[in-house]
Amino acid sequence: MRLIFAGTPEPAVVALEKLLESDHEVVAVITRPDARKGRGRTLHPSPVKALAQEHDIEVVTPTSLRPDTEDGQELRKRLEELKPDAIPVVAYGNLITEDLLDVPTHGWVNLHFSLLPQWRGAAPVQAAIAAGDDITGASTFRIDKGLDTGPVLGTVTEEIQASDNADDLLTRLAYTGADLLRATMDGLESGAIVPKEQQGEASYAPKISTADAQIDWSKPAFAVDRHIRAHNPGPGAWTTWEDNRLKVGEAKPVDANAAEQAGQLEPGQVRVTKKEVFVGTATEPLQVTRIQPPGKKMMNAADWGRGLGDSANEVRFV
């Protein structure tokens with residue numbers, strides 16, 4: 001099939017690579033415009049654009065898809081000229097406007113990192129970890145005018161490990177999802193796929209703000225642990241101490257021996273030993289192992305704790 005691929009960040013690169021290895025023809029890529037990064041604020045192409053350029057594939061970077069904008073009108077014109085059979089989408093970063101849905105023969109096919117209708121929305125991986133789900137997965141579905149409401153074309157499941165953060169889980173889903181997307185394209189071409197309407201109650205995973213990532217130490221240890229893993233590496237789970245914001249990169253539940261070392265701690269109360277940093281929750285404490293003080297890089301929490309000297313055990317996180 002003739003494909004136009006829509007995607008932007010690194011997880012989408014895996015899917016584009018898989019399609020480039022297939023018998024399908026990727027005739028163009030739609031991605032977000034170049035973004036300014038680093039101290040010099042220089043423009044950098046998206047990871048998907050960089051890969052497309054390596055393969056001499058046409059790249060389209062509209063600032064808007066809306067039909068009342070020049071970019072939106074130019075995009076539709078170009079899509080009609082290219083005559084795609086399908087447009088696979090992976091983390092593109094823009095809502096596909098309704099006027100564009102009828103351009104490809106088999107529609108716009110989104111790879112979404114959940115088992116729909118669970119966790120519709122922008123942050124399904126983070127939501128699954130925060131909720132304590134044991135199983136998640138990826139779904140391919142045909143985009144319609146709703147929010148991740150279109151008929152499902154295929155699914156694959158993935159077990160969530162007790163130590164997974166969002167990056168760990170998303171990395172695995174990027175690879176299994178890429179295989180699913182390729183298989184979906186194969187099935188659409190052969191006619192083997194029968195779209196199925198989504199079944200069951202929907203849940204939602206809205207875009208995460210920095211404020212959403214603040215840690216609430218008054219919750220049980222298991223909930224705080226999930227929160228920290230769900231929000232790392234981005235935007236980064238954080239807490240405050242004396243009006244300073246600290247990112248907590250990693251924490252883990254304590255065993256019986258460690259719990260004895262930590263002793264009884266109130267929510268947010270910190271106890272520093274020679275090799276550990278413990279923080280109280282509503283239940284048992286957690287051991288924080290990675291922390292990032294303001295203006296510094298992520299570091300070993302025990303090194304940070306020792307640097308506090310005699311005041312270490314007067315610290316309280318809020």
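Start by selecting residues 2-180, which UniProt lists, in an unreviewed entry, as "domain: Formyl transferase N-terminal". (UniProt positions follow the numbering used here, feature names are shortened, and annotations may be inferred rather than shown by experiment.) This is a predicted model, in which local features need pLDDT of at least 70 and side-chain atom pairs count only at pLDDT 80 or more, while totals for chains, interfaces and linings use all residues. Residues are numbered from 1 along each chain as its sequence is written, and side-chain values use heavy atoms, with hydrogens and water left out.

Over residues 2-180 the chain is 31% helix and 26% strand, with the end C-alpha atoms 18 Å apart. Helices (H or I, at least four residues) and strands (E, at least two) are DSSP runs, numbered from the N terminus.

**Stop one: helix H3**

Select residues 70-82. At 1.5 Å a residue, the 13 residues of H3 should span 18 Å, and its end C-alpha atoms are indeed 18 Å apart; the expected span is 1.5 Å times one less than the number of residues. Now colour the buried residues of H3: Gly72, Leu75, Leu79 and Leu82. (Buried means under 20% relative accessible area, exposed over 50%, and partly exposed in between, with a 1.4 Å probe and protein chains only.) They cover an arc of only 95° around the axis, so they sit on the same side of H3; the arc is that of the directions from the helix axis to the C-beta atoms.

What do these residues pack against? Show strands S1 (2-7), S2 (25-30), S5 (58-60), S6 (87-90) and S7 (108-112), and you have the partners. Contact here means heavy atoms within 4.5 Å. Just after H3, click Lys83, which takes a positive phi of about 50°.

**Stop two: salt bridges**

Side chains of opposite charge can pair when their charged atoms come close. The structure holds 13 salt bridges, each a side-chain nitrogen of Lys or Arg within 4 Å of a carboxyl oxygen of Asp or Glu.

- Select Arg2 and Glu25: their closest N and O atoms are 3.8 Å apart. Arg2 lies in strand S1 and Glu25 in strand S2, so this pair ties together parts that are 23 residues apart in sequence. Arg2 is partly exposed at 29% relative accessible area, and Glu25 is partly exposed at 43%.
- Next, try Asp68 with Arg66, where the closest N and O atoms are 2.6 Å apart. Asp68 counts as exposed at 53%, while Arg66 is partly exposed at 47%.
- Then move to Asp164 and Arg172, with 2.7 Å between the closest N and O atoms. Asp164 is buried at 3%; Arg172 is partly exposed at 26%.
- Finally, pick Glu58, Arg78 and Glu81 together, since a network of salt bridges links them.

**Stop three: the annotated binding site**

UniProt's unreviewed entry has a "binding site" annotation covering Ser114, Leu115, Leu116 and Pro117. Zoom in on Ser114, in the loop between S7 and helix H4 (124-131). Is Ser114 buried or exposed? Its relative accessibility is 0%, so it counts as buried. The side chain of Ser114 reaches the backbone oxygen of Gln118 at 2.5 Å. That is a polar contact: a pair of N or O atoms within 3.5 Å where, within protein, one must be able to donate a hydrogen and the other to accept it, and residues adjacent in sequence count only if both atoms are side-chain atoms. Leaving aside neighbours within four places in sequence, Ser114 touches Trp119, Pro124, Thr136, Gly137, Ala138 and Ser139.

Leu116 lies in the loop between S7 and H4 and is buried at 11% relative accessible area. Beyond four places in sequence, Leu116 is in contact with Ser139, Phe141, Asp148, Val152 and Gln198.

**Stop four: the C-terminal domain**

Select residues 207-307, which UniProt's unreviewed entry labels "domain: Formyl transferase C-terminal". This stretch is 24% helix and 29% strand, and its end C-alpha atoms are 36 Å apart.

Inside it, find Asn232, in the loop between helix H6 (221-230) and strand S10 (238-241). Asn232 counts as buried, at 5% relative accessibility. A polar atom of its side chain lies 2.9 Å from the backbone oxygen of Ile228, and one lies 3.3 Å from the backbone oxygen of Gly249. With neighbours within four places in sequence left aside, the contacts of Asn232 include Asn165, Ala166 and Asp167.
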